[in-house]
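Here is a small set of exercises to work through with the coordinates open beside you. Try each task first, then compare your steps with the solution.

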Amino acid sequence: MANDCLFCKIIAGEIPSNKVYEDEYVLAFRDIAPQAPVHILVVPKEHICCANAVDESNSVYVAKCFEAIAKIAKAEGLDNGYRVINNCGADGGQTVMHLHFHIIGGVKLSEKVV
Ligand code: 5GP
Ligand code: ZN
């Protein structure tokens, strides 16, 4: 756990969240400011600051995040598809420096950006 990391505090239960999924490696909870009918954050339980910090020592957490994403998408009924977004660094728009993946869905998404 990193000091003063919002998502580490949510993982530790020090800050409440609307949890949708949890296992040994991953916590997923609803975004506090949803940008679509379904907007869930999938967060590794190890503090990894961003995509740039993924390496062979911690990449299992990334794999586990994507295993969780598939389960969550089924549970949320996103049968028609959804988008997974990772913002990395300042130019990528990352505001919380703990690696996370946004699941965005429940509506037909714009084809712009990606
Ligand atoms: P980023 O901009 O770093 O990719 O995404 C951070 C996300 O965290 C944003 O979508 C923001 O709404 C969400 N967020 C920020 N603070 C909280 C919080 O305290 N609880 C929850 N559930 N989401 C948060
Ligand atoms: Zn953290």
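The exercises below go from a metal site to a bound ligand, then to cysteines and single residues.

This is a predicted model, in which local features need pLDDT of at least 70, side-chain atom pairs count only at pLDDT 80 or more, and totals for chains, interfaces and linings use all residues. Residues are numbered from 1 along each chain as its sequence is written, chains are lettered from A and ligands numbered from 1 in the order in which they are written, and side-chain values use heavy atoms, with hydrogens and water left out.

**Exercise 1. Find the donors of the zinc ion (ligand 2) and assign the geometry of its site.**

Step 1: collect the donors, which are N, O and S atoms within 2.8 Å of the metal (3.2 Å for Na, K and Ca); water is not among the atoms, so sites may look incomplete. The search gives Cys5 (SG), Cys8 (SG), His47 (ND1) and His98 (ND1), at 2.0 to 2.3 Å.

Step 2: check the angles. The 4 donor atoms make angles of 106 to 115°, and the site is tetrahedral; for four donors that label requires all angles to lie between 85 and 135 degrees.

Step 3: read the spacing along the chain, which is C-x2-C-x38-H-x50-H. His47 sits in the loop between strand E3 (38-44) and helix H2 (59-75), and His98 in the loop between helix H3 (89-92) and strand E5 (101-105), so this pair ties together parts that are 51 residues apart in sequence. Helices (H or I, at least four residues) and strands (E, at least two) are DSSP runs, numbered from the N terminus.

Step 4: compare accessibility, where buried means under 20% relative accessible area, exposed over 50%, and partly exposed in between (1.4 Å probe, protein chains only). His47 is partly exposed at 30%, whereas His98 is buried at 0%.

**Exercise 2. Describe the surroundings of ligand 1.**

Step 1: list the neighbours, meaning residues with a heavy atom within 4 Å. There are 16 residues around ligand 1, and Arg30, Asp31, Asn87, Thr95 and His102 come nearest.

Step 2: look for polar contacts, pairs of N or O atoms within 3.5 Å (within protein, one must be able to donate a hydrogen and the other to accept it, and residues adjacent in sequence count only if both atoms are side-chain atoms). A polar backbone atom of Arg30 is 2.9 Å from a nitrogen atom of ligand 1. An oxygen atom of the ligand lies 3.0 Å from a backbone N or O atom of Val96, and a polar side-chain atom of His100 lies 3.0 Å from an oxygen atom of the ligand.

Step 3: turn to cover. On its own, ligand 1 has 520 Å² of accessible area, and the protein covers 83% of that.

Step 4: follow His100. This residue lies in the loop between H3 and E5 and is buried, at 5%. A polar atom of its side chain lies 2.6 Å from the backbone oxygen of His98.

**Exercise 3. Why is Cys49 not bonded to Cys50?**

Step 1: apply the rule that a disulfide is a pair of cysteine sulfur atoms within 2.5 Å. The sulfur of Cys49 has its closest cysteine sulfur in Cys50, 3.2 Å away, which is too far for a bond. The count comes to 0 disulfides.

Step 2: add accessibility. Cys49 is partly exposed at 29%, while Cys50 is buried at 8%.

How values were computed
Tetrahedral: all angles 85-135°; square planar, octahedral: opposite > 155°, others 65-115°. Areas by Shrake-Rupley, 256 points an atom, 1.4 Å probe, with all protein chains shown as cover.
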